[in-house]
Each structure stands twice: as C-alpha cells, then as structure tokens.
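This briefing covers one protein chain, topic by topic. Please keep the sequence and the structure open while reading.

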Amino acid sequence: MNAFQAAILGLIQGFTEFLPVSSSAHLVLAPAYFGWEFGEAQAFVFDVLVQWGTLVAVIIFFWGDLLPIVRATLLSLRTRKLDDPHARLGWLIVLASIPAALIGLLVKDAIQAIFVNAGLAGWLLLVTAVLLIMAEVVGKRLREMETIQPLDALIIGAFQALALLPGISRSGATITGAMSRNLKREAAARFSFLLSVPVMIGAGLLALLDLKDIPEAGTFVAPLLIGFLVAALVGYWSIKWLLKFLATRSLYPFAIYCIVLGGFSIWLFA
C-alpha cells in the first residue's frame with residue numbers, strides 16, 4: 001500500500017464511517033474496483049486502524065459531551081450512584097458496547113477472513129439497505145436520547161454487533177436499533193456516534209497487536225498515518241453534515257445508495 005492509496009482509502013473511510021452506508025464495505029470494494037491487491041492481514045489492520053482517524057473526529061466533535069460523561073461515569077464507580085444523567089448515559093454506552101465486544105473477540109479471525117470478499121460486501125450492503133428501510137417503517141420518532149433505558153441500550157448494542165461484518169453499516173445498524181425503539185433520527189445518530197468511541201478504541205487496540213505480525217510493518221506505518229489524518233479531517237465534516245441532514249430528512253436516500261452499490265458489486269464480483 002502506497003501513500004496515494006492510503007489517502008484515497010482514508011478519504012473513503014472519513015466520508016463513509018458516519019454515513020449509514022458501511023465504511024468497511026467501501027474499504028473492501030474500493031481496492032477491488034481499482035485493482036489494488038493487499039494482503040488479508042494488511043487490509044484488515046489498515047481498515048481498523050484508519051478508523052482511529054474517525055475516532056479522533058468524533059472525540060473532537062463531541063468533546064463537550066464526552067468529557068462530562070467520562071468524568072461522571074468514573075465518579076459513579078466511587079459513589080455507586082447514577083443520579084447524574086452523564087453517568088447514566090456513560091453506563092448505557094458501556095452496556096450497549098458489550099454485545100459487539102464479546103462477539104468480536106469470539107469471531108475475530110472469521111471476520112478478518114472476509115475483509116477482502118467484495119462479493120459478500122455487496123450482499124451485506126443490501127442488508128444495510130433493509131435495516132435503514134426498517135428504521136423508517138418501524139420507528140415512531142418520538143423519544144430523545146435522554147430517555148434511553150438499559151433494554152434500549154442492549155438492543156442497540158445487538159444491532160451494532162451485526163456491523164462487525166464488512167457491508168453492514170455500524171452507524172446504520174445502531175441508528176436502526178435506536179429508531180426501532182422510537183428515538184428521533186437525530187437523537188439516534190448522536191447516540192450512535194457516542195457509542196462508536198469504545199468500539200473503535202477496542203478494535204484499534206486489537207489491530208495494533210496484529211500490526212507487529214505483518215511483514216515489513218515499518219513500511220506500513222507511513223500509509224497508516226496518511227490514511228489516519230485524511231479520515232480524521234473528512235470524518236469531522238461528515239458528522240456535522242449527517243446530523244444536520246437527519247434533522248429534517250429520512251434514511252431512504254442512503255438505503256437506495258446501498259441497494260445500487262450492493263447490487264452492482266454483486267453483479268461485478270460474485
């Protein structure tokens with residue numbers, strides 16, 4: 001992987017991580033479309049670590065929310081009280097993170113093996129489209145983020161676990177899970193973005209352990225940094241745009257996009 005390829009993939013990651021169109025599918029499909037061949041391990045580690053660029057974007061964008069959440073959650077460990085709404089939200093995020101963390105650890109090798117399967121990514125994009133349509137059909141869009149209960153968090157977390165597969169959008173799945181519990185679109189998106197922080201940190205730490213096993217890993221660091229920086233810059237803009245978009249519009253345009261890209265990818269690669 002060279003610097004140009006890393007920059008293009010970082011641009012794709014930053015633009016698609018928070019849009020409900022599956023950044024992982026795009027990172028699988030883009031090299032296939034361009035004819036770029038990367039090793040299975042190298043592709044997987046790059047895809048996971050470049051997410052840290054978008055992790056930086058979400059931390060900077062939501063810094064005013066995340067800092068009091070972290071402080072209050074840590075304080076609640078000492079006081080054993082959840083009367084602070086920030087502490088309550090923090091523990092709901094932890095609860096919603098558990099399903100993906102457990103499943104990810106159990107099936108990590110199997111997931112890594114399909115991170116180069118462009119045909120399968122196309123099929124899973126169709127699953128993402130179904131989820132987005134379901135969110136609009138089922139959701140009543142009545143609740144704010146502050147009304148989330150533990151059962152809601154577990155259900156949203158179960159939807160997030162689906163997104164371990166490259167092609168099922170993490171933001172799309174979690175927004176669908178939240179909207180199926182009748183959260184408003186923008187509230188569902190905000191919780192989805194906050195929920196991305198622990199998942200990205202955990203996945204990135206595991207990928208760092210794999211980096212040492214890649215041949216000539218030293219030459220791989222520079223492309224990683226380029227992809228990281230590009231993803232961070234574009235990801236910040238992507239969050240801002242999506243929150244504004246969902247305040248007044250539906251998820252249907254993203255569902256249509258997933259159907260078109262998924263269908264074309266199936267035709268081309270399956």
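Which residues of α1 are buried? They are Q5, A6, L9, G10, I12, Q13, G14 and T16. The model is predicted. Its secondary structure amounts to 13 helices and 0 strands, and 52% of the 270 residues count as buried.

**Overall fold**
- Along the sequence the pattern reads α-α-α-α-α-α-α-α-α-α-α-α-α.
- Taking contacts between residues at least 6 apart in sequence, 83% join residues at least 24 apart.

**Helix α1**
- Helix α1 covers residues 3-16, and its end C-alpha atoms lie 20 Å apart, which agrees with the 20 Å that its 14 residues should span at 1.5 Å a residue.
- An α-helix has 3.6 residues a turn, so residues three or four places apart point the same way.
- I8 is a residue of helix α1; its relative accessible area is 24%, so I8 counts as partly exposed, buried being under 20%.
- Leaving out residues up to four places away in sequence, I8 touches F34 and W36.
- Between I8 and V230 the C-alpha to C-alpha distance is 8.4 Å, although 222 residues separate them in sequence.

**Helix α2**
- For helix α2 (residues 23-34), the 12 residues should span 16 Å at 1.5 Å a residue, and the end C-alpha atoms are 16 Å apart, in agreement.
- This helix is mostly covered, with 9 of its 12 residues buried.
- Those buried in α2 are S23, S24, A25, H26, L27, V28, L29, A30 and P31.
- G35 follows α2 and has a positive phi, near 80°.

**Nonpolar cores**
- The largest nonpolar core comprises 48 residues, and V58, F62, F191, F193, L194, L251 and F254 have the most contacts inside it.
- Helix α11 contributes the most to this core, with 9 residues.
- Another core, of 12 residues, lies apart from the largest one and has L9, A30, L49 and V50 among its members.
- Of these members, L9 is also listed among the buried residues of α1, and A30 among those of α2.
- Setting aside neighbours within four places in sequence, F254 is in contact with L19, P20, V21, L132, W241, L242 and F245.

**T176 in helix α10**
- T176 sits in helix α10, which runs over residues 170-180.
- Is T176 buried or exposed? Its relative accessibility is 0%, so T176 counts as buried.
- With residues up to four places away in sequence not counted, T176 touches L131, L132, M134, A135 and F159.
- L132 is thus a contact of T176 and is also a contact of F254.

**Second largest pocket**
- The second largest pocket holds about 400 Å³ of space.
- Its lining consists of 17 residues, with V70, I93, V94, V197 and P198 lying nearest the centre.
- Two or more lining residues come from each of α5 (63-79), α6 (85-106) and α11 (185-211).
- Which element gives the most to this lining? Helix α5 does, with 8 residues.
- By type, the lining divides into 14 nonpolar residues, 3 polar and no charged.
- Helix α11 therefore appears in two places, as a contributor to this lining and to the largest nonpolar core.

Note on methods
Residues numbered from 1 in each chain as written. Predicted model: local features only at pLDDT ≥ 70, side-chain atom pairs only at ≥ 80, totals over all residues. Heavy atoms only, no water. 1 Å grid on protein atoms, 1.4 Å probe; cavity = no way out; pocket = protein on both sides within 12 Å on 5 of 7 lines; lining within 4 Å. Points joined across faces, edges and corners; volume = space filled by probe spheres on them. Helix = DSSP H or I, 4+ residues; strand = E, 2+ residues; numbered from the N terminus. Nonpolar A, V, L, I, M, F, W, Y, C, P; charged D, E, K, R; others polar. Buried < 20%, exposed > 50% of the residue type's maximum accessible area, 1.4 Å probe, protein only. Contact = heavy atoms within 4.5 Å. Core = buried A, V, L, I, M, F, W, Y, C linked by side-chain atoms within 4.5 Å. Expected span 1.5 Å × (residues − 1).
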